[in-house]
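These are my notebook entries on a single protein model. I looked up selected residues, one helix, the aromatic pairs and the salt bridges, in that order.

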Amino acid sequence: MKQGSYDFQAIERRWRRHWQDEKTFRTLGPGDAGFDPQKPKCYVLDMFPYPSGAGLHIGHPKGYIASDIYSRFKRMQGYNVLHPMGFDSFGLPAEQYALEHNVHPAVTTESNIQTIRSQLEFLGLAYDWDREIATSRPDYYRWTQWIFLQLYHAWYDPDRVWTDAAGRTTRGRARAIESLEAEFASGTRKMTPVDRDTAGDRDWSDLNRTERQTILNNYRLAYQQDMMVNWCPKLGTVLANEEVTNEGRSERGDYPVYRRPLKQWVMRITAYGDRLLEDLDDTGMPDGHGGTFSLDWPEPVKLMQRNWIGRSEGAAVDFQVLHPDTGEPVSDLRVFTTRPDTLFGATFMVLATDHPLVNPENPDCLVPAQWPADTNERWQGEVPAGSVSEALSAYAAQSQAKAEPVANNAEEKEKTGVFSGLYARNPVNGEHLPIFVADYVSMEYGSGAIMAVPAHDERDFAFATRYGLEIRPVVQAPPGEDQTCFTGEGTSVNSPGSGASPFAINGLPTREAQERITAALETAGLGCFMVNYRLRDWVFSRQRYWGEPFPLAIAEDGAVLPVEPPVLLPEMEDFRPQTSDDPDTPVQPPLSRAPESWRTIKVAGEWAQREFNVMPQWAGSCWYYLRFIDPHNEATFCDETRQQYFMPVDLYIGGAEHAVLHLLYARFWHKALFDLGHVSSPEPFHKLFNQGMITADAFQDSRGVYVDIREVEVREGEPYHATTGERLTRSGGKMGKRFKNGLPPEEVGTEYGVDTLRLYEMYMGPLEASTPWSMEGIRGMQRFLQRVWRNLVDAAGELRIGGELTPELDRLMHRTIQRVSADLEGLRLNTAIAALIELNNELVGETDVPAELARNLLLMLAPFAPHMAEEIWERAGFQTGSIFVQQWPQADPSRVVAEQIELPVQVNGRVRGTLRISPDATEEQVRQAAMSMDNVRRYVADPAHIRRFVYVSGKIVNIVV
RNA sequence: GCCGAAGUGGCGGAAUUGGUAGACGCGCUGGACUCAAAAUCCAGUGAGGGUUACACCUCGUGGGGGUUCGAGCCCCCCCUUCGGCACCA
């Protein structure tokens, strides 16, 4: 390499090492020597990666580069920037990877972490590596376990009204479980009917340990329940819904998945449904240091969260089930409806196949042995059956099979069902309605039972049509709307009119009718206003090895005994899950095969068996942003003063694939920690930004096998295999190992330079957009950097700094400072780079660059191309010390204004010329000048008769004739 | 089916949010340097018309309509692509 040429490899190697050795990007917090409390803080966070064995490809670091640029920029603006990185290293993929390579996951995980960390370091990312964390390390997961225990020891008091630091009044708060026990003990809180199932008519003080626990379990934020889960026998584990494909098979391995009830640990996230919804838009949340904030999130993400929570208002209505023999009302059947105004249009009822009322094992089951006389044959199911119960269970089995493994697809739209032989009494008009069992009603939403109003619900309509049930319209559609099965809002008809009935709603618009009838139901004790959520409680158990063990043990009497964390994962030779082809095999988590010495433990003098499930992968990522603030604290999960100082996260960058689950789970934990006094803001992430993907063409040969992009040759726009010459097919999309279309960043960085790679990834388009990678495009950025180098360094390696700023260059410089600063703040990195290119292009051909301009150019370039900027900065000797401890340049607005501006002149909205004029010119002066232009006169027939003269100051002239 | 985002030159994309559409980059064309190539530099580059040359003109932001002095941007209808949800009562 010649002395004066841009030797990016040497430069990048040198500064990479320098920053590491000098710990240039170490962040100080409260309590650290040298910490300056006067500096404003800025917490810039990336969604941390999952350390896969394949390592990163050039698509992965897009968001990391952006956050790196932003955090370097903020640092230069004088902020105390916290910009950490870590690894989300527990989870099924690590376990699978370890199985495939026959190495313990603890080993593979750590070596994968090494790989990825070195890749991130290669990219020159300014992380404070002293704060690195990995969710699978005991010093981290002991605190995940600790937080679990906080949730276990807490209950949600929906009636608690309280005021937070910003003066917001909230109803509902998590509280210590002891407070609930005390309320039960003193009798200030009454047990619910569900609690009475356990307690009978005894008082709290008469209950034994397990009975009390059973009742408390109904309230805890982390509780145990038999849940219908997605059981994959072939993987030997329960899967989350998002790990199951639309075809009802496992995402990983494509094995069948079955629905099956299993006792699981569950998080009561539904308790926070309203607050998770409301705080998306709350504008006055306390930030923990005296101010307030609101979520600055992409609107589509907020919307997805709202839809996921799926709050819907309606009414709970109690119908009475009639005894099949006596006809007497014997039990209540509660339904949820969003349309209580259509109560008079209900003509039948539908239960979920697994509703307790039709479960023969349930003592309250009323299903008669025989169908009532004259029962329509079509109501009796497709399979001939001896008794009603048999018909029902045959139907349930059939729909389970049809839905087997898990029906997510809409193909089976057909509404089928079987009559239960039972009738219910409509509470508002006394009508007897046949009760059906059908698989279009799910036990998991509402109460698992509905009143069917076929005239105003498409599903009920389809069912009624099929089984010949009455369709009775009770809502008049507005004129012009289709009256058949009208589901919108209109006017109530065919219902009681004004008069004696408390349910008189005839003639009322839908909303009013709903309010009226709900109030009347409430008065009559037949129902009440009710809110339902689509959101379900969060199944928190996994039957795997590579996850956080629960800090719990089960005593001989079944009582749950908390165990002080850390509960370390036991060393196990064979950590494979028990797999099988049989969906009914007993569920045996790997930890059940752990050594005896681990499986049993003495808790407070009592022998108990440990919990064998582990936590889901989401657990570690629910709070990692807190641990970064205080990663080595052995006394607590995060020091309060430090937490208060750094939270909330100012900028959180990551992919849109986490728009719902991760962000919702993390918000939920954070709110619970907030309620319990462990954190000081109700939301963790102030500004959220979703970066787009880098896409790439993928190539397949005639057998459909993907061909590595390095093996592809493009001739005349058509792809061919470089060695075999075979013509290939091209498809665009995600970059990934599967498609063989991703390149490791080291490969590209070594060939073109890391600064070039960084610049190109940011220049491809807006950060939020997905854009295709191009090997030609990256050359443009390399040229740009080389041009910067040549403008500042001559062939002999001497700096070309000197001379005086011309007014034009001075103006351009200030204008560029303005543009780059504003674009950086708004993460419009592509246009910021364009502005830098424009400035640099102006310097091409100059013999030397005035010092002030060179300085500012380097400062502005530094966040984007840190290695080069640091190198020239040092050579120029403007100031001692890293360029990243220098002040970001300030634009002087007064020096941006030009003496003359170009003013487009339109006639009838079409540009007919451009006027050069002082920006201070009066409208009259502009008018004079415009009217004297040749091309304007050509289009203005009669200058005396102008219909209108539009002058937008400094922008445009439009003459309307 | 419902909800959301987006459609701009050969390509990636800009457009101060209603004010000269196409900044900047890639590619391409021509030129300089070179024995030659690469690299670099200079010039050009939306389409069509027009001029000896300059002017200049017409069309043009997925399609169709509208509001406005003026629309890529606002309103209505439609088409396409991508993302989310999918019997949620």
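**Entry 1: Y140.** I located Y140 in helix α5, which covers residues 138-152. The model is a predicted one, and I read every value below with that in mind. I asked whether Y140 is buried or exposed. Its relative accessible area is 1%, so I recorded Y140 as buried. I then listed its contacts, setting aside neighbours within four places in sequence: I133, A134, T135, G620, W623, Y624 and R627. I also checked Y140 against P566: 426 residues separate them in sequence, while their C-alpha atoms are 9.3 Å apart in space.

**Entry 2: Y624 and its partner.** Y624, noted above as a contact of Y140, led me to the aromatic pairs. A search of the whole structure returned 56 of them. One is W19 with F884, an edge-to-face pair with 6.0 Å between centres and 75° between planes. I looked up where the two residues sit. W19 belongs to helix α1 (residues 8-22) and F884 to the loop between α25 (866-876) and β32 (901-907), so this pair ties together parts that lie 865 residues apart in sequence. I recorded W19 and F884 as both buried. Y624 pairs with F628, also edge-to-face, at 5.6 Å centre to centre and 70° between the planes. Y624 and F628 are both buried.

**Entry 3: Aromatic cluster and charges over rings.** I found one aromatic cluster made up of F148, Y152, Y156, W265, Y272, W538, F540, F550, W618, Y665, F668 and W669. I then asked which charged residue sits over the ring of Y152. The answer is R220, whose charged end is 3.9 Å from the ring centre. I noted a further case at W162, where R173 lies over the face of the ring at 4.0 Å from its centre.

**Entry 4: S312.** I placed S312 in strand β10, residues 312-322. Its relative accessibility is 18%, and the cut-off for buried is under 20%, so S312 counts as buried. The S312 side chain makes a polar contact of 3.0 Å with the side chain of Y445. Beyond neighbours within four places in sequence, the contacts of S312 are F336, T338, Y445, M530, V531 and N532.

**Entry 5: R311 and E313.** I next examined R311 and E313, whose side chains meet in a salt bridge with an N to O distance of 2.8 Å. R311 is partly exposed, at 33% relative accessible area. E313 is likewise partly exposed, at 44%.

**Entry 6: K671 and E683.** The whole-structure search gave 53 salt bridges. I looked up the one between K671 and E683, in which the closest N and O atoms are 2.8 Å apart. K671 is in helix α18 (residues 661-675) and E683 is in the loop between α18 and β25 (685-690), so the bridge ties together parts 12 residues apart in sequence. I recorded K671 and E683 as buried. I then asked which residues are linked with K671 and E683 in a network of salt bridges. The network also takes in D164, R168, D279, D282 and R667.

**Entry 7: R875 and E871.** The side chains of R875 and E871 form a salt bridge at 3.0 Å, N to O. Why are R875 and E871 separated by about one helical turn? I noted that they are separated in this way because they are four residues apart in helix α25. An α-helix has 3.6 residues a turn, so residues three or four places apart point the same way. I compared the two burial values. R875 is partly exposed, with a relative accessible area of 33%, whereas E871 counts as buried at 6%.

**Entry 8: Helix α2.** I finished with helix α2, which has 15 residues (62-76). From first C-alpha to last, α2 reaches 22 Å, close to the 21 Å expected at 1.5 Å a residue. How many of the residues of α2 are buried? I recorded 15 of the 15, so α2 is largely enclosed by the rest of the structure. After α2 comes G78, for which I noted a positive phi near 100°.

Definitions and conventions
Residues numbered from 1 in each chain as written. Chains lettered and ligands numbered in written order. Predicted model: local features only at pLDDT ≥ 70, side-chain atom pairs only at ≥ 80, totals over all residues. Heavy atoms only, no water. Phe/Tyr/Trp six-rings, centres within 6.5 Å; stacked < 30°, edge-to-face > 60°. Helix = DSSP H or I, 4+ residues; strand = E, 2+ residues; numbered from the N terminus. Buried < 20%, exposed > 50% of the residue type's maximum accessible area, 1.4 Å probe, protein only. Lys NZ or Arg CZ within 6 Å of the ring centre and 35° of its normal. Polar contact = N/O pair within 3.5 Å; in protein donor to acceptor, adjacent residues only side chain to side chain. Contact = heavy atoms within 4.5 Å. Expected span 1.5 Å × (residues − 1). Salt bridge = Lys/Arg side-chain N within 4 Å of Asp/Glu carboxyl O.
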